[in-house]
Amino acid sequence: MLIHNATILTMNDRWEIQENSAIYVEGDLIRDMGQSGELLQKYKEPAPLDARGRVVMPGFINAHMHLYSTFARGIALKDTPPVTFNEILERLWWRLDKALDNDAVRMSAFIPLIQAIRCGTTSLIDHHASPRAITGSLDIIAELFESIGLRGALCYEVSDRDGAKAATAGITENVRFLERCTRERPSFLRGMFGLHASFTLSDGTLAQCLEAAAPYGAGFHVHCAEAISDVEHARAHFGKGVVERFATAGILGHNTIAAHCVHVTEKEIGILGETKTNVVHNPRSNMNNAVGCAPALKMMRAGVRVGLGTDGMSACMTDELKTALLLHKHESRDPRAGWTECPEMLFRTNPKIASEIFGANIGVIEAGAKADLIILDYFPPTPMTPQNLAGHILFGLADAPVMTTIVGGKILMKDCILTEIDEEEVSRRACEVAKEVWKRF
Ligand SMILES: [Zn+2]
C-alpha cells in the first residue's frame with residue numbers, strides 16, 4: 001500500500017512533520033517513506049491511496065480500557081444515586097459485570113471497538129470483568145480483536161470480592177490466556193495479568209497471582225489508589241499505602257500498569273519511579289467519579305512513566321488528552337500546566353508501553369514501525385511546526401474527523417466507512433443483548 005499526498009505527523013523524537021509525503025506499507029510494516037513524487041515513481045503497484053493533503057499520523061493507543069462498560073450507558077439505578085466511589089462500584093459496576101454472560105461480553109466489547117476504529121484508536125489495553133462468565137471470556141474478546149483487526153492486550157480482573165472460587169477462576173483465566181498467547185504468538189494480541197485493586201485483594205490472593213504470572217513474565221494491570229477509600233483500607237489492614245503494599249508484594253515493575261494513582265505519597269511516587277512502573281492517568285473517569293486529580297505532572301517530574309487511558313469512558317484518546325490538559329491547568333491554577341506533559345503521556349509513554357507489550361515499534365511513523373495509521377480531515381489554518389504541534393493537536397486535530405484507519409497495513413475504515421462491519425446491525429444486536437443484561441442487573 002502506498003499512501004501519498006500526505007502531511008505526515010511522524011510523532012518521532014523530533015515531532016517531525018513531512019509535507020507532500022508518502023508512506024509505503026508492506027505487510028504489516030512501514031517499509032519506506034519519502035516525497036510523494038519519488039515514491040509514486042518507485043512503487044507503481046498497487047493503486048496508491050491519495051490522502052489529498054490531509055494529516056496522516058500514528059493510530060492512538062488507549063492504555064487503560066474497560067470494553068465491558070458499554071451496557072452502563074443509560075442504565076437505571078434504583079433509589080438515590082450513589083455518592084461514594086465504593087457505592088458507585090457496588091451499585092453500578094459490580095452489579096453490571098455480574099449480569100454479563102458470554103453474549104454480553106462479546107456485544108459490549110464490539111461497540112467500543114467500532115468506536116475505536118472511528119476515533120483512530122488502534123491499540124487498546126483492556127481490563128475485563130464478568131464474574132458469572134469468567135472462563136473463556138478473554139477468548140471471546142480476543143476473537144473480536146482478531147476478526148476486526150485491532151491490537152489488544154487483555155487481562156481478567158482477579159478479585160476476592162466474589163469469594164475464593166471466583167478469584168481462582170480469574171487467576172485460571174489469566175493463565176489460560178497467557179498460555180495461549182505464548183503458544184500461538186498472535187500478532188494482534190497479548191496477555192497481561194489482571195488484578196482489581198488493593199481493597200479487594202488479600203495478601204494470599206496477591207501471592208497466588210504473582211506465582212501464576214511468573215512463568216509468562218507477564219506484567220500486571222491493576223487499579224491503584226483510585227479513591228482515598230482504597231488507601232484508607234490499605235493503611236487500616238496492611239499498615240501501608242497501596243503503592244507500598246504492591247511494591248512489597250512484588251507486583252510493580254516496568255511491565256506493570258498501575259491505573260490512576262490519584263492518592264499517592266511522595267515516598268510512593270519515588271517507588272513508582274524506581275520500579276519503572278507504568279502509571280496510567282484517566283482524567284475523565286477520575287472527574288466523573290469525583291475521586292480527585294492524580295498528581296500526574298508531579299509524578300512525571302519525578303521521573304515516573306505516566307501514560308493515558310480512558311477507563312471505559314470511551315475509546316477516544318483525543319477527548320482524554322484535551323481533558324487532561326484542562327484538568328491540570330484548572331487544578332494547578334496555572335495556564336502553563338500540562339502543555340508538554342499531556343501530549344507526552346499520549347505520544348511518548350503510551351507508544352513505549354504498547355511497544356514493550358507487543359514487542360514491536362508502535363505509535364510512530366518511521367520505516368520498520370507497525371503500519372497503524374490514521375488519516376484525519378485536517379488542513380492546518382495556521383503554520384504547523386514541530387514546536388507548535390501540541391497546539392494544533394489540542395485545538396484542531398483533536399476535533400478533526402478520522403477519515404481512514406489502518407491497523408497492521410489493513411484498512412478498517414476508509415473515508416469514514418467501515419470496510420467490513422455493519423455498524424447499524426451490530427448496534428441493533430447489542431441493544432437486544434443489553435435488554436437482557438438490564439433485566440438481570
Ligand atoms: Zn479501570
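**Overall fold and packing of the chain**

Just over the halfway mark, 51% of the 441 residues in the chain count as buried. The model is a predicted one. Its secondary structure adds up to 15 helices and 18 strands. With a radius of gyration of 21 Å, close to the 22 Å that the globule rule gives for 441 residues, the chain is as compact as a globular protein of that length. Along the principal axes, the C-alpha atoms take up a box of roughly 65 × 45 × 45 Å. Contacts reach well along the sequence, too: of those with a separation of 6 or more, 73% link residues 24 or more positions apart.

The chain splits into two domains, with domain 1 made of residues 2-57 + 365-418 and domain 2 of residues 60-358. Taken over C-alpha atoms, their centres sit 30 Å apart. Where the two meet, 16 residues of domain 1 are in contact with 19 residues of domain 2. On the domain 1 side, the elements giving two or more residues are helix H14 (389-395) and strands S16 (402-407) and S17 (410-414). Sorted by class, that side of domain 1 comes out as eleven nonpolar, two polar and three charged residues.

Next comes the interior. In soluble globular proteins, nonpolar side chains tend to be buried together. Here, the largest nonpolar core holds 137 residues, and Ile-23, Val-56 and Cys-261 are the ones that touch the most other members. The top contributor is helix H3 (residues 102-119), which puts in eleven residues. Both domains take part in this core, each of domain 1 and domain 2 supplying at least three residues. Val-56 gives a feel for the packing: leaving aside residues up to four places away in sequence, Val-56 touches Ile-3, Ala-6, Thr-7, Ile-8, Ile-23 and Ala-51, along with Leu-373 and Ile-375. Ile-23, then, turns up both among the residues that touch the most other core members and among the contacts of Val-56.

Helix H7 (residues 228-238) shows how a single helix can be set into its surroundings. Its buried residues are Asp-230, Val-231 and Ala-234. Looking down the axis of H7, these buried residues fall within an arc of 100°, so they line one face of the helix. Strand S10 (193-197) and helix H8 (242-249) are included in what covers them. Right after H7 comes Gly-239, with a positive phi near 70°.

Positive phi values also crop up in residues other than glycine. One of these is Arg-52, with phi near 50°. Arg-52 is found in the loop between strand S4 (49-50) and strand S5 (55-58). Arg-52 has 12 C-beta neighbours inside 10 Å, and so counts as exposed. Cys-416 is another case, not a glycine but with a positive phi of about 70°. This cysteine lies in the loop between S17 and strand S18 (417-418). Cys-416 likewise counts as exposed, because it has 12 C-beta neighbours inside 10 Å. The strand before that loop, S17, is also one of the elements giving two or more residues to the side of domain 1 that touches domain 2.

Key: Residues are numbered from 1 along each chain as its sequence is written. This is a predicted model: local features need pLDDT of at least 70, side-chain atom pairs count only at pLDDT 80 or more; totals for chains, interfaces and linings use all residues. Domain bounds come from an automatic or database domain assignment. Two residues are in contact if their C-beta atoms, placed from the backbone, lie within 7 Å. Helices (H or I, at least four residues) and strands (E, at least two) are DSSP runs, numbered from the N terminus. Ala, Val, Leu, Ile, Met, Phe, Trp, Tyr, Cys and Pro count as nonpolar, Asp, Glu, Lys and Arg as charged, and the others, Gly among them, as polar. A nonpolar core is a set of buried Ala, Val, Leu, Ile, Met, Phe, Trp, Tyr and Cys residues joined through C-beta atoms within 7 Å. A residue is buried if 20 or more other C-beta atoms lie within 10 Å of its own, exposed if 12 or fewer, and partly exposed in between; C-beta atoms are placed from the backbone. The radius of gyration is taken over C-alpha atoms; the globule rule is 2.2 Å times the number of residues to the power 0.38. The arc is that of the directions from the helix axis to the C-beta atoms.
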